[in-house]
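Me: Please take a close look at one part of this model, a residue at the surface to begin with, and then work inward from there. I would like a single connected account that keeps to what the coordinates support.

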Amino acid sequence: MSLAIRDEVKALTAFALAVWLACCVPARASTPAPAMWMGVVTYVVDGDTVWVRPADGGKPLSVRVDGIDAPEICQPGGGSSRDALKRRALGQRIAVFGRRHDDYGRLLARLELKGDDLGQWMVSQGQAWSYHYGRRAGPYALQQRRAKAAGLGLFSPSHAMPPVYPRAFRKQHGPCHA
């Protein structure tokens with residue numbers, strides 16, 4: 001392959017990558033997440049994602065509750081998980097402890113309502129799992145064991161099928177579509 005053709009292929013590859021990144025990869029914030037800020041929950045997407053309007057004004061921001069994984073909205077338990085978070089947090093003033101932005105551009109943060117950790121509360125009610133990856137049990141493993149032992153929420157013996165962890169559900173069924 002001649003040097004001119006090789007350079008042209010490199011240029012086209014770089015251009016194709018730039019186009020793909022611009023149109024197909026979710027945007028990430030270019031600045032680090034602020035350590036802590038206050039806001040009001042304006043919308044509950046599902047059991048682990050909310051929109052929060054900063055108290056100092058501006059547009060609501062998409063926030064993913066750090067440390068938990070709730071059922072997908074289209075999977076069994078997804079609606080009740082979302083409803084539990086909605087009853088607890090919608091319209092409430094919360095403290096947002098941002099950590100970083102995820103691959104979808106959402107702020108990954110611990111949320112506190114009147115001093116209570118909302119992620120911990122969701123897991124203790126059996127409405128979400130303590131987020132685990134590999135062999136790490138996640139930050140709310142104790143609350144998850146207690147909810148499971150008590151048969152709360154997702155772990156209720158009244159369910160026809162045992163709960164399916166969201167990652168496994170997405171692998172088998174794909175993502176939920178609105």
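Reply: In this predicted model, Tyr43 is partly exposed, because its relative accessible area of 48% falls between the 20% under which a residue counts as buried and the 50% over which it counts as exposed. Tyr43 belongs to strand β1, which runs over residues 37-46, and together with Val45 and Trp51 it makes up a nonpolar patch on the surface, the three of them offering about 270 Å² of accessible area.

The strand that carries Tyr43 also leads inward, since β1 is among the elements that cover the buried residues of helix α2, the others including β2 (49-54) and α3. Helix α2 itself takes in residues 78-89, twelve in number, and spans 17 Å from its first C-alpha to its last, close to the 16 Å expected at 1.5 Å a residue. Its buried residues are Gly78, Ser81, Ala84, Leu85 and Ala89. These occupy an arc of only 130° around the axis, and therefore lie on the same side of α2. After the helix comes Gly91, with a positive phi near 80°.

Two of the buried residues of the helix, Ser81 and Ala84, reappear among the contacts of Gln127. Gln127 sits in the loop between α3 (118-124) and β8 (129-130), and it is buried because its relative accessible area is 12%, below the 20% cut-off. Beyond its neighbours within four places in sequence, Gln127 touches Ala70, Pro71, Ser80, Ser81, Ala84, Met122, Gly153 and Leu154.

A contrasting loop residue is Gly115, placed between β6 (107-113) and β7 (116-117), which counts as exposed because its relative accessible area is 58%, above the 50% cut-off. The C-alpha atom of Gly115 lies 8.8 Å from that of Ile94, although 21 residues separate the two along the chain.

As for the chain around these parts, it contains five helices and eight strands, arranged from the N terminus on as α-β-β-β-β-α-β-β-β-α-β-α-α. Buried residues account for 36% of its 178 residues, and the accessible surface comes to about 11,000 Å², with 58% of that belonging to carbon and sulfur atoms. Where contacts join residues at least 6 apart in sequence, 57% of them link residues at least 24 apart.

How values were computed. Residues are numbered from 1 along each chain as its sequence is written. This is a predicted model: local features need pLDDT of at least 70, side-chain atom pairs count only at pLDDT 80 or more; totals for chains, interfaces and linings use all residues. Side-chain values use heavy atoms; hydrogens and water are left out. Patches are made of residues with over 30% relative accessible area and no salt bridge: like charges are joined within 9 Å, nonpolar side chains (Val, Leu, Ile, Met, Phe, Trp, Tyr) within 5 Å. Accessible areas come from the Shrake-Rupley method with a 1.4 Å probe; for residues, only the protein chains shown count as cover. A salt bridge is a side-chain nitrogen of Lys or Arg within 4 Å of a carboxyl oxygen of Asp or Glu. Helices (H or I, at least four residues) and strands (E, at least two) are DSSP runs, numbered from the N terminus. Buried means under 20% relative accessible area, exposed over 50%, partly exposed in between (1.4 Å probe, protein chains only). Contact means heavy atoms within 4.5 Å. The expected span of a helix is 1.5 Å times one less than its number of residues. The arc is that of the directions from the helix axis to the C-beta atoms.
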